[in-house]
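Colleague: Hi! Could you walk me through this one? I'd like to start with the strands and then see where we end up.

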Amino acid sequence: MNKTFRTLIMLAAAVGMVACGGKKTGTEAPAMVEEERATLVSTAEAVVMEVPQTEVYSSTVEAYAINNIAPQTPGRIQSIKVDVGSFVGKGQVLATMDAAQLDQTRLKLVNDSTELSRLKSLYEEGGVSKSDYDAVEMAYKVSRRSYNNLAENTYLRSPISGVVTARNYDRGDLYAGQPIFVVQQITPVKLKVGVSESDYTKVKVGNLVEITVDALPGQTFTGKINKIYKETGYMISLDRLMNA
């Protein structure tokens, strides 16, 4: 600890000098010393460190993915297997459509497969030309493609794991454009955050953020920024929301 003393010498008369024509008066004034106490301070070593920059923004929570479940062409709904609020897995059948056209396509596929097998044996023995064999093989491939497409649009499956948030038809209704189901993936969720222009350059993909939800007071979640884009204002898309 450093102590600083300042001595003030105030001379009322010169000590050791003669006053009034060089004569000593004998009443020389002694030197006056005034001492001032220093203020005690503490010191610290200067270091370079990052200063966290924290801002608070409001956001909207959205499902990570939303799928509208509907067949490719209009048709009669044969069965409904789930309802609003049902949790479904990826690939689970949600509804079936009338299968009359699918049955017809299945019969044609079986016939084309049988004909292809028959001509393949003859072609290998030289009984038919390559052009005839190729034509039958092409017909079989077309039938198989048509059958797979009809099967996909007859047995409606969920492409994601999530929850059914809308059902617009009942069993026996004729599908006519509006999705039969809406399925939303809610694990994880996605947040869209509007960021001010002054802070936009400070945000980077991969940054971690902390999130609080009014509906869950006292809980803090963490998320990772996976996309930054500019459409209507400055927005940030967050995924991988998890409980901190």
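Modeller: Happy to. Strand S4, residues 75-80, is joined to S9 by two bridges, and the two run antiparallel. Keep in mind that this is a predicted model.

Colleague: Which residue of S9 does Arg76 stand opposite?

Modeller: Arg76 faces Leu174 there. Gly75 has its bridge partner in S9 too, namely Tyr175.

Colleague: And how many bridges join S4 to S6?

Modeller: Three, with S4 and S6 running antiparallel. Within that pairing, Ser79 stands opposite Thr96 of S6.

Colleague: What is the strand order in the open sheet, then?

Modeller: The order is S7-S6-S4-S9, an open sheet of four strands with antiparallel pairing. Strands S7 (155-157) and S9 (174-175) are the edges: each has a single partner strand, so one side of each has no neighbour in the sheet.

Colleague: Nice. Which strands does helix H2 lie across?

Modeller: H2, residues 130-154, lies across strand S6 (93-97) and S7. The helix runs at about 70° to S7.

Colleague: Switching to pockets: how much space lies in the second largest one?

Modeller: About 220 Å³. The lining of that second largest pocket is made up of 14 residues, and those nearest its centre are Thr73, Pro74, Gln101, Leu150 and Thr154.

Colleague: Which elements each supply at least two residues of that lining?

Modeller: S4, helix H1 (100-124) and H2 each do. H2 gives the largest share of the lining, with four residues.

Colleague: I'm thinking about probe chemistry here. How does the lining of the second largest pocket split by class?

Modeller: Seven of its residues are polar, five are nonpolar and two are charged.

Colleague: While we're on charges, how many salt bridges does the structure hold?

Modeller: Seven. One of them pairs Lys192 with Glu62, where the closest N and O atoms are 3.9 Å apart. That pair links distant parts of the chain, with Lys192 in strand S10 (residues 181-194) and Glu62 in strand S3 (residues 59-69), 130 residues apart.

Colleague: Back to S10 for a moment. Is the peptide bond from Thr187 to Pro188 cis or trans?

Modeller: That bond is cis, with omega near 0°. Pro188 sits in strand S10. For context, most peptide bonds are trans.

Colleague: Good to know before I set up any restraints. How many bridges join S8 to S10?

Modeller: Four, and S8 and S10 run antiparallel. As an example, Val163 has Gln184 in S10 as its bridge partner.

Colleague: What about strand S5, which strand is joined to it by two bridges?

Modeller: That would be strand S8 (residues 162-167), which runs antiparallel to S5 (residues 87-88). In this pairing, Val88 stands opposite Gly162 of S8.

Colleague: Great, so S8 is joined to S5 by two bridges and to S10 by four. Thanks, that covers my list.

Modeller: Any time!

Note on methods: Residues are numbered from 1 along each chain as its sequence is written. This is a predicted model: local features need pLDDT of at least 70, side-chain atom pairs count only at pLDDT 80 or more; totals for chains, interfaces and linings use all residues. Side-chain values use heavy atoms; hydrogens and water are left out. Two strands pair if DSSP finds at least two bridges between them. Contact means heavy atoms within 4.5 Å. Axes are lines fitted to C-alpha atoms, for helices over the stretch in contact, and angles run from 0 to 180 degrees between N-to-C directions. On a 1 Å grid over the protein atoms alone, a cavity is a set of points where a 1.4 Å probe fits but cannot get out, and a pocket is an open set with protein on both sides within 12 Å along at least five of seven lines; lining residues have an atom within 4 Å of a point. Grid points are joined across faces, edges and corners, and a volume is the space filled by probe spheres set on the points. Ala, Val, Leu, Ile, Met, Phe, Trp, Tyr, Cys and Pro count as nonpolar, Asp, Glu, Lys and Arg as charged, and the others, Gly among them, as polar. A salt bridge is a side-chain nitrogen of Lys or Arg within 4 Å of a carboxyl oxygen of Asp or Glu.
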